[in-house]
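Student: I should like a close look at a single part of this model, chosen by you. Please relate that part to the chain around it in one connected account.

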Amino acid sequence: MLERCCLRLSACVSFARAAEDLTLMTGMTVSHKTQHRLQQRQDFAAPSVPEPAEQASIDGGNVRLVAAPGEASQWRQDKAVHLAPQDVRMAYFDDNEGLIAWLNAQPMATPLTCLGDGHDGIWNVFARLSDERERREILDWFHLMENLEKVGGSLQRLAEARSLLWHGQIDQTIALFDSCQQHQAQCFCAYLRKHRARIVHYAYLQAEGVCSIGSGAVESTVKQIDQRLQISGARWKPQNVPTALAHRCAYLNGLL
C-alpha cells in the first residue's frame, strides 16, 4: 500500500514533492530518490479496451530532455493516443512501432473513426493500422478553422469559406481563394488539397451524431500528461521518458 501511495503521488507531482506529501499524509519517509527508483522498477502494463473502440485520436506532446553541460535543453516529441468511448489513454516516446502494435492489438469497431490535425506523423501511424480495419479519417474541424484564420483578409470571404467547409465543399472553398495571391491563401489551398479525403461533411456528422469531428479528447490527454512531464524545471533522461509516460497514463486510466 505504501508503494502504491508513492506511485499515485509521483504520477502527479515531482518526486521531491511526492516525498514531502507522503510524509505529511502518513508520517513515513520515502526519499525522492527512492520514489524515482520505485517508478523505474515498475512494469506498467499497457491498458486495453474490453469492447471495440469506435474512435482513435492521436496528438503530439513535448518532453524536455537533460542537456549536456554547456548545451541548451532539447525538446523532443512524444505521441499520445486516446480511444473512445472507453476514455483509454496511452503515450509513446520515439516508438511508433510500439504505438502501432498497441493499436492493432485493441478491438476496434467498423469503421474506426481516426481523428487528428494536419501533422503527417499522425496520419502515417493511422495508415499502418491493420488492413482489416476499415477507417474513417477526419481532419479535426478546429485545426481546420485555425488554418483558415491564418489566411486573413476579407472577413466575408472567411465566413463563406467556413460555411463551405462545414458542409465539406472543398472545391468551392479553393475557388474562393483562386484570385488571392497571398502566400497564406496559397498555403491554405495546398493544405485543403492534401487533406481532401479527410475533410468531410462536418454538418451532417454533427447533426446525426455519427462521430466526433474534433480531436479535443486527445488534446486534453496531452495536456494532462504534460502536467506531470513538464513540471517547472523538469528534465528527463531519454531512457526514462517511456516509463514516465506509462506511469502517468496508468494514473489517468485509473490503474494505480
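**The largest cavity and its surroundings**

Tutor: Among the elements that line the largest cavity, helix α12 (residues 241-252) contributes the most, with three residues. The model is a predicted one, and it holds one cavity of 30 Å³ or more. The space inside this largest cavity comes to about 30 Å³. Its wall is formed by F44, A45, A46, P47, M90, A246, C249, A250, N253 and L255. In character, this lining consists of nine nonpolar residues and one polar residue, with no charged residue.

A46, one of the lining residues, merits a closer description. A46 belongs to the loop that runs between α3 (32-40) and β1 (53-65). Its relative accessibility is 40%, so A46 is classed as partly exposed, a class that lies between the buried limit of 20% and the exposed limit of 50%. Once neighbours within four places in sequence are set aside, the contacts of A46 are with M90 and W102. M90 is itself part of the cavity lining, so that the contact between A46 and M90 joins two residues of that wall. A46 can also be set against a remote point of the chain: D178 lies 132 residues away in sequence and 49 Å away in space, C-alpha to C-alpha.

The loop that carries A46 ends at β1 (53-65), and the account may follow that strand. β1 is joined to two strands. With strand β2 (residues 74-84) it shares 11 bridges in an antiparallel arrangement; with strand β4 (residues 108-116) it shares four bridges, and these two strands run parallel. Individual pairs can be named on each side. On the β4 side, A53 faces M108, while on the β2 side D59 has A80 as its bridge partner.

A80 leads from the strands to a helix, for it is one of the residues in contact with T221, together with H82 and R89, when neighbours within four places in sequence are left out. T221 is placed in helix α11 (residues 216-229). Its relative accessible area is 0%, which is why T221 counts as buried, the limit for that class being under 20%.

The wider chain gives the setting for these details. The protein chain has 12 helices and five strands, and its C-alpha atoms fill a box of roughly 70 × 45 × 30 Å along the principal axes. Of its 256 residues, 45% are buried. Among contacts with a separation of 6 or more, 62% are between residues 24 or more positions apart. The chain exposes about 13100 Å², of which carbon and sulfur atoms supply 48%.

The largest pocket offers a counterpart to the cavity. Its volume is about 260 Å³. Thirteen residues line this pocket, and F15, R228, A234, R235 and W236 lie nearest its centre. R228 falls within helix α11 (residues 216-229), the helix in which T221 lies. The pocket lining is made up of five nonpolar, five polar and three charged residues, whereas the cavity lining has nine nonpolar, one polar and no charged residues.

Technical notes:
Residues numbered from 1 in each chain as written. Predicted model: local features only at pLDDT ≥ 70, side-chain atom pairs only at ≥ 80, totals over all residues. Heavy atoms only, no water. 1 Å grid on protein atoms, 1.4 Å probe; cavity = no way out; pocket = protein on both sides within 12 Å on 5 of 7 lines; lining within 4 Å. Points joined across faces, edges and corners; volume = space filled by probe spheres on them. Nonpolar A, V, L, I, M, F, W, Y, C, P; charged D, E, K, R; others polar. Buried < 20%, exposed > 50% of the residue type's maximum accessible area, 1.4 Å probe, protein only. Contact = heavy atoms within 4.5 Å. Areas by Shrake-Rupley, 256 points an atom, 1.4 Å probe, with all protein chains shown as cover. Pairing = 2+ DSSP bridges.
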